Amino acid sequence: MRSTIARLGGVVAAGTALVLGLAACGTEESPTGAQNGDGATTLKIGFMGDLTGANSALMIPPSQGAQLAVDEFNAKSTNVKVEMVKYDSQGNPDQAVTQAQKAVTEDKIVALVGPGFSGESRNVGPILEQAKIPSISASATNPALADNGWKFWHRVVANDDVQGPAVADFLVQAKSAKKAFVVDDAQEYGAGLGDAVAKEFEAKGVKVERDKIDPEGSDYSSTVTKVKAASPDVIFFGGYYAPLGRLLKQLRDGGVTAVVSSGDGSVDKALVEGAGKAAAEDAVLGCPCLIPFGSDVPELKAFSDKYKAKFGGDPLIYATEGYDAMTSFLNAIEAGNTTSEKINEYISTIDFKGVSKQIKFNPNGEIAASVIHIYQVKDGNVTWLGDTSQAQLS
Amino acid sequence: MLNDFISQVGPSTVGGLASGAIYALIALGYTMVYGVLRLINFAHSEIFMIGSFAALFVIMQMGITEPLTGVALVGTLLLLLIASMAASGGAAVVLERVAYRPLRKRGASRLAALISAIGASIFLQELFALVIIPEVFDRPSQGRNQVPVPRLFDRETVFSVGNTDIRNDHLLIIGAAVIMMILLDVFVNRTRIGRGVRATSQDPETAVLMGVNIDSIVRTTFLVGGAMAGVAALLYTMEFENLRFNIGFLLGVKAFTAAVLGGIGNLRGALLGGLALGLIENWGSIFFGSEWKDVIAFTVLVLVLLFRPTGILGESLQRARA
């Protein structure tokens, strides 16, 4: 008897909640933009990424780049203002879903820069697709993301299928390599990139030998012995900068002088610290990202100066891409588009010179200009040499 | 395949002996404590880590940024040796006092001591990641990243055998490990305290009746085992020049394996097991690739234990031989 009443109570409660919920939905019939005091409309654009988690070093620069674009826009625009709302996914795909739902239903964003990583992009994509909200990621590079048929999804970086072959081609051409040695850390990202590079080397007729290291280990002497015996012209490492620093140091101590190269996981000044200045010298790094690193190219210098004035530090990885992604949306708004669907239509036809590259999207959301940039360690600093077509190794 | 082996066997042997010497020095701590208390001190890997950071601390205090030579180098290395041995040995004694003795006094089971060891290990790692690396080593919010160590001396080839270059750093590591082993062997076999250690290991009750102070023997065992880990820590810091809060973990597992391989409780077994493990790993890598080296090492361990369950040399500290 008691349980029947309890159950009955539960049903009533659930029903009431449902009715109230429906009522709430009914009354909250608000337009996308909110009017503020001086007659200007304020639109919300989200930024989603790992802002406080383990890899936040990769996401804070693009969030600041995006913020810079918004501030510049607000300074000159009078009738429409933009507010950037940050969504901290901590790189966790499940948390990203919760945050995306909040962004869509509560905050009613008109567009989203992000999500930062590929895993969270996979989860958030369907939500944005259903809500018809356009997104541009500055950093998610998993190739499969473009195969979902999403109409509202875009990215301003080349995917991982481009990076490996582009770096391999560049090394073959720049070093006229005949023998290569590819090492990777046996993890998803590192092994994938190592495979792609090894495949391209072989396609170009370069003889490839391979080995794997434990990214948590310290003693890489067995790998050094193998590399030395193979006496390659170029060495490529698929993985992150911390193990590469240790490997590089041991390779140089072991008397290996061949050029050492790696991908976007290693474009960090901490590489120089880990390997030591002497061992890190001349290491070649490829990345789909454009990091100015004190470049004196006028547009990049202008960007770096503005960024530094605002945030007190140099623009690091994905800062230019974050700026360009946000600028794409802001251009759409400037052209008079204030609803998410209109913005999406506009950015599908967009074609302008961004800081990082020409911004123009393919119908599947991929960036048209699949550019890979080459960096080299010079005198203890990572320096930008240009994209694979312009870079010259010294 | 055979060509690979011929071209790589020399350098692999040198690399294997150098890593093996470090395994062996750490293995001594596991083996001594096991010999006396029948306890696997899983926090021993953190004793090693503390020694390596102590060495780095002194290097930073001395303001060394350029490689040293001659008398300055020898003096610095001796000073660092004292610092890391004192830090590791001291930490091991404190660990014993805080984490093990209270349990031993209450007659707790060995399982309780094992959990206490794991707890101490996690505590010490997190202490370094959260407090000591950010604060003492001035790397705020980078407690879990690697800490670079300045180079102490330039690597040079001392002599070559065929295609194998023998470098000064490798000679130093192997030489230091062998000298420490000999000193320890003399200490355990020829001194009064050493006799107490062996007596306790053979039969603790009788040893007490004969007037051996167990607490003092246990403390000495932790001190000496810790100091040996301190030697390993300095050699490691000097050779690899990168420290992290969890460097002890992987090395600790390897050193424990080396101790079991040689015969846990047996000092000479620790040396043999360490060198054998280093060589097996590096030789195995020639044929199968470096990613297989742990598989090869543990396959050999299982095979050895199948035929000699007490390890290559057996558990002989208790039989008063080591």
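## Strand pairing in chain A and the helices of chain B

In chain A an open sheet of seven strands follows the order β8-β7-β9-β10-β11-β14-β15, with mixed pairing. Its edge strands, each of which pairs on one side only, are β8 and β15 (381–387) of chain A, and neighbouring strands of the sheet are turned by 25 degrees against each other on average, direction ignored. This is a predicted model, in which local features need pLDDT of at least 70 and side-chain atom pairs count only at pLDDT 80 or more, while totals for chains, interfaces and linings use all residues. Residues are numbered from 1 along each chain as its sequence is written, and chains are lettered from A and ligands numbered from 1 in the order in which they are written.

Helices (H or I, at least four residues) and strands (E, at least two) are DSSP runs numbered from the N terminus, and two strands pair if DSSP finds at least two bridges between them. Strands of a sheet pair through backbone hydrogen bonds, either parallel or antiparallel. The table lists parallel pairs of chain A.

| Strand | Partner strand | Bridges |
|---|---|---|
| β7(A), residues 179–184 | β8(A), residues 207–212 | six |
| β2(A), residues 41–49 | β3(A), residues 80–88 | nine |
| β2(A) | β4(A), residues 111–113 | three |

Within the first pair, A:F181 has A:E209 of β8(A) as its bridge partner, and the chain passes from β7(A) to β8(A) through helix α6 (residues 188–203) of chain A in a right-handed β-α-β crossover. Right-handed here means that, with the strands pointing away from the viewer, the path from the first strand over the helix to the second runs clockwise. A right-handed β-α-β unit is also made by β2(A), helix α2 (residues 60–76) of chain A and β3(A). Along β2(A), A:K44 stands opposite A:E83 in β3(A), and A:G46 stands opposite A:L112 in β4(A).

Helix α5 (residues 160–175) of chain A lies across β9 (234–238), β10 (259–262), β11 (284–287) and β14 (373–378) of chain A, and runs at about 145 degrees to β11(A). For such angles, axes are lines fitted to C-alpha atoms, for helices over the stretch in contact, and values run from 0 to 180 degrees between N-to-C directions.

Chain B, in turn, has 11 helices and four strands. Its radius of gyration, taken over C-alpha atoms, is 20 Å, close to the 20 Å given for 322 residues by the globule rule (2.2 Å times the number of residues to the power 0.38), so chain B is as compact as a globular protein of that length. Of its 322 residues, 48% count as buried, a residue being buried if 20 or more other C-beta atoms, placed from the backbone, lie within 10 Å of its own.

Helix α5 (residues 168–190) of chain B reaches 32 Å from its first C-alpha to its last, close to the 33 Å expected for its 23 residues, where the expected span is 1.5 Å times one less than the number of residues. Its buried residues, among them B:H170, B:I174 and B:M181, pack against α1 (2–37), β3 (164–167), α6 (192–202), α8 (214–240) and α10 (267–288) of chain B.

Between the chains, 24 residues of chain B are in contact with 24 residues of chain A, contact meaning that the C-beta atoms of two residues, placed from the backbone, lie within 7 Å. On the side of chain B that touches chain A, α1, α9 (247–262) and α10 of chain B each supply at least two residues, and the largest share, seven residues, comes from α1(B).

Note on methods:
A residue is buried if 20 or more other C-beta atoms lie within 10 Å of its own, exposed if 12 or fewer, and partly exposed in between; C-beta atoms are placed from the backbone.
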